[in-house]
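Have the model open in your viewer and your selection tool ready. We will walk through it one stop at a time.

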Amino acid sequence: MEKRVGYAVTSFLSGVGFTVNALKMVYIAQDILERKDDVLVEIVAHEASHAAQGFWSDSLEQERTAYKTAARVMEDLKARGEASFGDRSGWLRMDDDAAEERVKKMGEHVHLYGEIPKKQPTCWADKIAMIRQLGFLIRDFIKGSNA
Ligand SMILES: [Zn+2]
């Protein structure tokens, strides 16, 4: 089945990309596009992984896959001499549990990572989890990211 996803630039947030599979959209913050370093490649590859997975809600399992995909893309480009990125190979050496634990620890900065389930919800549980996670994101945004 063919799957189409749109990409858009947003100035609503900075320093991030995010995927909304319910809308079939990937959003990249304007300031990321202006960077010429590895962050742009890392974020586009990470968000493309979310789009390919196609879930509406997030999970540690899904984030682990996205971080490993981005690391694989960056290491491949480096191996072919097409870029000189920093070392991301650590993600590729970690087993799944260790990688998911690392994502969970990132929840200190990316608050949603502290809230998402380990295993990816599927089918209707995915849609229900998306509504709950959207509620968390709205509450977290209103509270302020430094609270
Ligand atoms: Zn992600």
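Start by selecting Ala8 and Tyr27: Tyr27, in β3, is the bridge partner of Ala8. Before going on, note that this is a predicted model, in which local features need pLDDT of at least 70 and side-chain atom pairs count only at pLDDT 80 or more, while totals for chains, interfaces and linings use all residues. Residues are numbered from 1 along each chain as its sequence is written. Helices (H or I, at least four residues) and strands (E, at least two) are DSSP runs, numbered from the N terminus.

**The sheet**

Now colour β1 and β3, which run parallel and are joined by 5 bridges. Two strands are said to pair if DSSP finds at least two bridges between them. Add β2 (residues 17-20), which pairs with β3 (residues 25-29) in the antiparallel sense over 4 bridges. Within that pairing, Val20 stands opposite Met25 of β3. Zoom in on the turn: β2 and β3 form a hairpin with 4 residues between them, and Lys24 in the turn has a positive phi of about 55°.

Seen as a whole, the open sheet has 3 strands in the order β1-β3-β2, with mixed pairing. Its edge strands are β1 (6-10) and β2, each pairing on one side only. On average, neighbouring strands here are turned by 20° against each other, direction ignored; axes are lines fitted to C-alpha atoms, for helices over the stretch in contact, and angles run from 0 to 180 degrees between N-to-C directions.

Which residues of β2 are on the covered face, and which on the uncovered one? Gly17 and Thr19 are on the covered face, Phe18 and Val20 on the uncovered one. In a regular strand, side chains alternate between the two faces of the sheet. Next, show α2 (residues 38-53), which lies across β2 and β3 and runs at about 15° to β2.

**The core**

Select Ala45, Leu60, Ala66, Tyr67, Ala70, Ala71, Val73, Met74, Trp91, Ala99, Val103 and Ile116: these 12 residues are the largest nonpolar core. Such a core is a set of buried Ala, Val, Leu, Ile, Met, Phe, Trp, Tyr and Cys residues joined through C-beta atoms within 7 Å. A residue is buried if 20 or more other C-beta atoms lie within 10 Å of its own, exposed if 12 or fewer, and partly exposed in between, with C-beta atoms placed from the backbone. α3 gives the most to this core, with 7 residues.

Centre on Tyr67: leaving out residues up to four places away in sequence, Tyr67 touches His46, Trp91, Ala99 and Val103. Contact here requires C-beta atoms, placed from the backbone, within 7 Å.

**Two crossing helices**

Show α3 and α5 alone; their axes come within 9 Å and cross at roughly 100°. The two helices are therefore roughly perpendicular to each other (65 to 115 degrees; under 35 is roughly parallel, over 145 roughly antiparallel and the rest oblique). Among the residues that meet are Leu60, Arg64 and Tyr67 in α3, with Ala99 and Val103 among those in α5.

**A last stop in a loop**

Go to Gln120, in the loop between α5 and α6 (123-143). Is Gln120 buried or exposed? Gln120 counts as buried, because 20 C-beta neighbours lie inside 10 Å. Leaving aside neighbours within four places in sequence, Gln120 is in contact with Phe55, Ser59, Glu61 and Gln62. Try the distance tool on Gln120 and Glu61: they are 59 residues apart in sequence, and 6.0 Å apart from C-alpha to C-alpha.

Terms used: Two residues are in contact if their C-beta atoms, placed from the backbone, lie within 7 Å.
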